[in-house]
Amino acid sequence: MIQVLFVCLGNICRSPIAEGVFKELVVKKGLDDIILCDSAGTAAYHTGSLPDKRMRKTALDRGISLTHSARQLCYEDFTRFDYIMAMDEANFANIREESFRVNGFYLPEQQLYLYRLFDPLRGESVIVPDPYYGEISGFVDVYEIVERSGEQFLDYLIEKHNLSPASGD
Ligand code: 4NP
C-alpha cells in the first residue's frame, strides 16, 4: 500500500481538490487498491467542515464530488504516509517544523514534497496559490494545477514502485 497525504493551510480548498482529483486519476488507472490518499491542513480553523463551496462547485462542474471533512495534520500522519505533498512553501515549512517538534528529526526528502514540482507547466512557480480570498478564477487555476501535477505525480509513483496500471487511459 502506498499512502499519500495532501496538505494545505485550511484543508478546505487546495488539499481536498488535490486529493479528489488524484483519487479519480488513481481509479482510472485501476490502482485504487494500492494507492490510498487523504488530505489535511496545518491549521485547525475549519476542522469538520466540507470543502469551500467555490472549490466544491469547481470540482463538481468537472465531475468530481468533494466530500472530505477538514482535519488538522497530526503526528500519526508522519509515520502513516509515505508521501506528504505540500501545496506551498509555508505549508512545507510548517510540516517540516512540526515533524521535527514531534519526532525530533526532519522528514526525509523522499517523504515531503512541494506538490507543484510535479506540474510540467509550473514555470518559475513552485506553489499551488491559495485561492481563498480571491476570485473564482483562482479556484479554476488550482484545479488545473492539481490535475497536471496529479498526472505527473501518478506517473512518478507508477515508475518508482513498478506498478501495473490498467491499460487504455
Ligand atoms: P486552503 O485555503 O489552505 O487551500 O484550504 C484556505 C482556507 C482557509 C483559510 C486560508 C486558506 N483561512 O484563512 O481561513
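Start by selecting His 46 and the ligand: a polar side-chain atom of His 46 sits 2.8 Å from an oxygen atom of the ligand. That counts as a polar contact (a pair of N or O atoms within 3.5 Å; within protein, one must be able to donate a hydrogen and the other to accept it, and residues adjacent in sequence count only if both atoms are side-chain atoms). Before you click on, keep in mind that this is a predicted model, where local features need pLDDT of at least 70, side-chain atom pairs count only at pLDDT 80 or more, and totals for chains, interfaces and linings use all residues. Residues are numbered from 1 along each chain as its sequence is written, and side-chain values use heavy atoms, with hydrogens and water left out.

**Around the ligand**

Now add Leu 9, where a polar backbone atom is 2.9 Å from an oxygen atom of the ligand. Then pick Asp 130: an N or O atom in its side chain is 3.4 Å from an oxygen atom of the ligand. How much of the ligand's accessible area does the protein cover? It covers 92% of the 360 Å² that the ligand has on its own, with areas from the Shrake-Rupley method and a 1.4 Å probe (for residues, only the protein chains shown count as cover).

Next, show everything around the ligand: Cys 8, Leu 9, Gly 10, Asn 11, Ile 12, Cys 13, Arg 14, Tyr 45, His 46, Asp 130, Tyr 132 and Tyr 133. To be on that list, a residue needs one of its heavy atoms within 4 Å of the ligand. Try colouring this shell by type: you should get 7 nonpolar, 3 polar and 2 charged residues. Here Ala, Val, Leu, Ile, Met, Phe, Trp, Tyr, Cys and Pro count as nonpolar, Asp, Glu, Lys and Arg as charged, and the others, Gly among them, as polar.

Switch on a surface if you like, because the space taken by the ligand is the largest pocket. A pocket, on a 1 Å grid over the protein atoms alone, is an open set of points with protein on both sides within 12 Å along at least five of seven lines. A molecule sits in one if more than half of its atoms lie within 2 Å of its grid points.

**Asn 11 and Ser 39**

Stay with the shell and zoom in on Asn 11, in the loop between strand 1 (2-8) and helix 1 (14-28). Helices (H or I, at least four residues) and strands (E, at least two) are DSSP runs, numbered from the N terminus. Is Asn 11 buried or exposed? It is buried, because its relative accessibility is 0% (buried means under 20% relative accessible area, exposed over 50%, partly exposed in between; 1.4 Å probe, protein chains only). Check its backbone too: phi is near 60 degrees, a positive value in a residue other than glycine.

From Asn 11, follow the side chain to Ser 39, which it meets in a polar contact of 2.9 Å. Ser 39 lies in strand 2 (residues 35-41), and it counts as buried because its relative accessibility is 0%. The side chain of Ser 39 also makes a polar contact of 2.8 Å with the side chain of Glu 19.

**Out to helix 2**

Select Lys 53, in helix 2 (residues 53-60). With a relative accessible area of 66%, Lys 53 is exposed. Draw a distance to His 68: the two are 15 residues apart in sequence and 12 Å apart in space, C-alpha to C-alpha. Arg 56 is in helix 2 as well, but at 32% relative accessibility it counts as partly exposed. The C-alpha atoms of Arg 56 and Thr 67 are 8.5 Å apart, with their positions 11 residues apart along the chain.

**Last stops**

Jump to Met 85 in strand 3 (residues 83-86), which is buried at 0% relative accessibility. Leu 112, in strand 4 (residues 112-114), is buried too, with a relative accessible area of 7%.

Finish at Asn 162, in the segment after helix 5 (136-160). Asn 162 is exposed, at 68% relative accessible area, and has a positive phi of about 55 degrees although it is not a glycine.

Terms used
1 Å grid on protein atoms, 1.4 Å probe; cavity = no way out; pocket = protein on both sides within 12 Å on 5 of 7 lines; lining within 4 Å.
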